[in-house]
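I opened this notebook to record what I looked up in the structure shown below. The entries follow the order in which I took up each topic.

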Amino acid sequence: GLHNVPAKLREGVQEVIDGLDADRVLLAMGFCGNAMAGVRSGSAELILPRVDDCISLLLGSGIPMDMSVKLLSEQTSDSVLRSAAEVLLKDIRSGISAADSFEKQKVFGKLEVALMHAGEEAGRLGDSLLRISEFLKKQYDLKKKVVGALIYPVLVLCVTLLVLVLMSVFVLPQFENSFKQLKIEIPRFTLFVFTFGNFIRNFWY
């Protein structure tokens, strides 16, 4: 099918999206392949599932777990993800649970693995994977906000340090020479500033 021709698949999906009148568009492809890279929409919100979303969507469609993982491994172009999916498929067919396989590969953390175990025991692994997906998304969004909030203070600190260095190299020596020429007793704090400036000029590298 078109999964083997990502460019045509992308073009076809884009045509369908352009003709839709909807607030949200769920693309059940996500990271299962790169065919959706570059797909855009006008006003509608595009929802691209991640790996755990893909599996949960496939499970919700009635596709068995092993077939869902097989489809994931075949469609993805990410070598790390493909390797993890192949190991998962082999483990599932050997009788090992998905949660145990993920735990063995250290794909997810302890909390995510615990949710998978609970989902498997309750027969609702798809729901557990959706919860994990939501949790990871919130973590990612929080990380982005924290990084964004730190950019400005870090920038201010860098500019302040640059100004301090420039003053120590070009401005303080002039004041120090003036004090020496006037033969005025230099206060301790001012002497410390001059000493600090000399240190920066001599050992900045």
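**Entry 1. Helix 5 and helix 6.** For this entry I took contact to mean heavy atoms within 4.5 Å. The model is a predicted one. With that criterion I listed the residues through which helix 5 meets helix 6: Ala-98, Ala-99, Asp-100, Phe-102 and Glu-103 in helix 5, and Val-113, Met-116, His-117 and Glu-120 in helix 6. By class, the residues of this contact divide into 5 nonpolar, 1 polar and 3 charged. I then looked up the geometry and found the axes 8 Å apart, with a packing angle of about 165°. Angles over 145 degrees count as roughly antiparallel, and helix 5 and helix 6 are therefore roughly antiparallel to each other. I noted their crossing as left-handed.

**Entry 2. The chain as a whole.** I next stepped back to the overall layout. How many helices and strands are there in the protein chain? I counted 8 helices and 2 strands. Read from the N terminus, the order of elements is α-β-β-α-α-α-α-α-α-α. The protein chain has 205 residues, and 27% of them count as buried. I also looked up the contacts with a separation of 6 or more: residues 24 or more positions apart account for 37% of these.

**Entry 3. Helix 4 against helix 5.** I returned to helix 5 (residues 98-105) to examine its packing with helix 4 (residues 79-93). The two axes come within 9 Å and cross at roughly 135°. That angle makes helix 4 oblique to helix 5. Helix 4 passes helix 5 in a right-handed crossing. On the helix 4 side I recorded Ser-83, Ala-84, Val-87, Leu-88 and Asp-91, and on the helix 5 side Ala-98, Ser-101, Phe-102, Lys-104 and Gln-105. These residues divide into 5 nonpolar, 3 polar and 2 charged. I noted that Ala-98 and Phe-102 appear here and also in the contact of helix 5 with helix 6.

**Entry 4. The nonpolar cores.** In soluble globular proteins, nonpolar side chains tend to be buried together. I therefore asked which residues touch the most other members of the largest nonpolar core. They are Val-69 and Met-116, in a core of 17 residues. The elements that give two or more residues to this core are helix 3 (65-75), helix 4, helix 5, helix 6 (110-122) and helix 7. Helix 4 supplies the largest share, 5 residues.

I followed Met-116 further. Leaving aside neighbours within four places in sequence, Met-116 is in contact with Ala-99, Phe-102, Phe-108, Leu-125, Leu-129 and Ile-132. I also recorded a second, separate core of 6 residues, among them Val-13, Ile-17, Val-39 and Ala-44.

**Entry 5. Ile-132 and Glu-112.** Is Ile-132 buried or exposed? Ile-132 has a relative accessible area of 0% and is therefore buried. I located this residue in helix 7. Ile-132 lies 16 residues from Met-116 in sequence, and their C-alpha atoms are 8.5 Å apart.

Ile-132 is also touched by Glu-112, a residue that I placed in helix 6. Not counting residues up to four places away in sequence, Glu-112 touches Phe-135 and Leu-136 as well. Buried means under 20% relative accessible area, so Glu-112, at 8%, counts as buried.

**Entry 6. Helix 7 against helix 8.** I then examined helix 7 (residues 125-182) with helix 8 (residues 188-203), whose axes come within 9 Å and cross at roughly 125°. This makes helix 7 oblique to helix 8. The crossing is left-handed. Helix 7 contributes Leu-164, Val-165, Ser-168, Val-169, Leu-172, Pro-173, Phe-175, Glu-176 and Phe-179, while helix 8 contributes Thr-190, Val-193, Phe-194, Phe-196, Gly-197, Asn-198, Ile-200 and Arg-201. I recorded the division of these residues as 11 nonpolar, 4 polar and 2 charged.

**Entry 7. Gly-42.** Where is the place of Gly-42? I found Gly-42 in the loop between strand 1 (24-26) and strand 2 (45-47). With a relative accessibility of 80%, Gly-42 counts as exposed. Its C-alpha atom is separated by 8.8 Å from that of Ile-17, a residue 25 positions away along the chain. Ile-17 is one of the residues that I had entered under the second core.

Key
Residues are numbered from 1 along each chain as its sequence is written. This is a predicted model: local features need pLDDT of at least 70, side-chain atom pairs count only at pLDDT 80 or more; totals for chains, interfaces and linings use all residues. Side-chain values use heavy atoms; hydrogens and water are left out. Axes are lines fitted to C-alpha atoms, for helices over the stretch in contact, and angles run from 0 to 180 degrees between N-to-C directions. Helices (H or I, at least four residues) and strands (E, at least two) are DSSP runs, numbered from the N terminus. Angles under 35 degrees count as roughly parallel, over 145 as roughly antiparallel, 65 to 115 as roughly perpendicular and the rest as oblique. A crossing is left-handed if the near helix is turned anticlockwise from the far one by less than a right angle, and right-handed if clockwise. Ala, Val, Leu, Ile, Met, Phe, Trp, Tyr, Cys and Pro count as nonpolar, Asp, Glu, Lys and Arg as charged, and the others, Gly among them, as polar. Buried means under 20% relative accessible area, exposed over 50%, partly exposed in between (1.4 Å probe, protein chains only). A nonpolar core is a set of buried Ala, Val, Leu, Ile, Met, Phe, Trp, Tyr and Cys residues joined through side-chain atoms within 4.5 Å.
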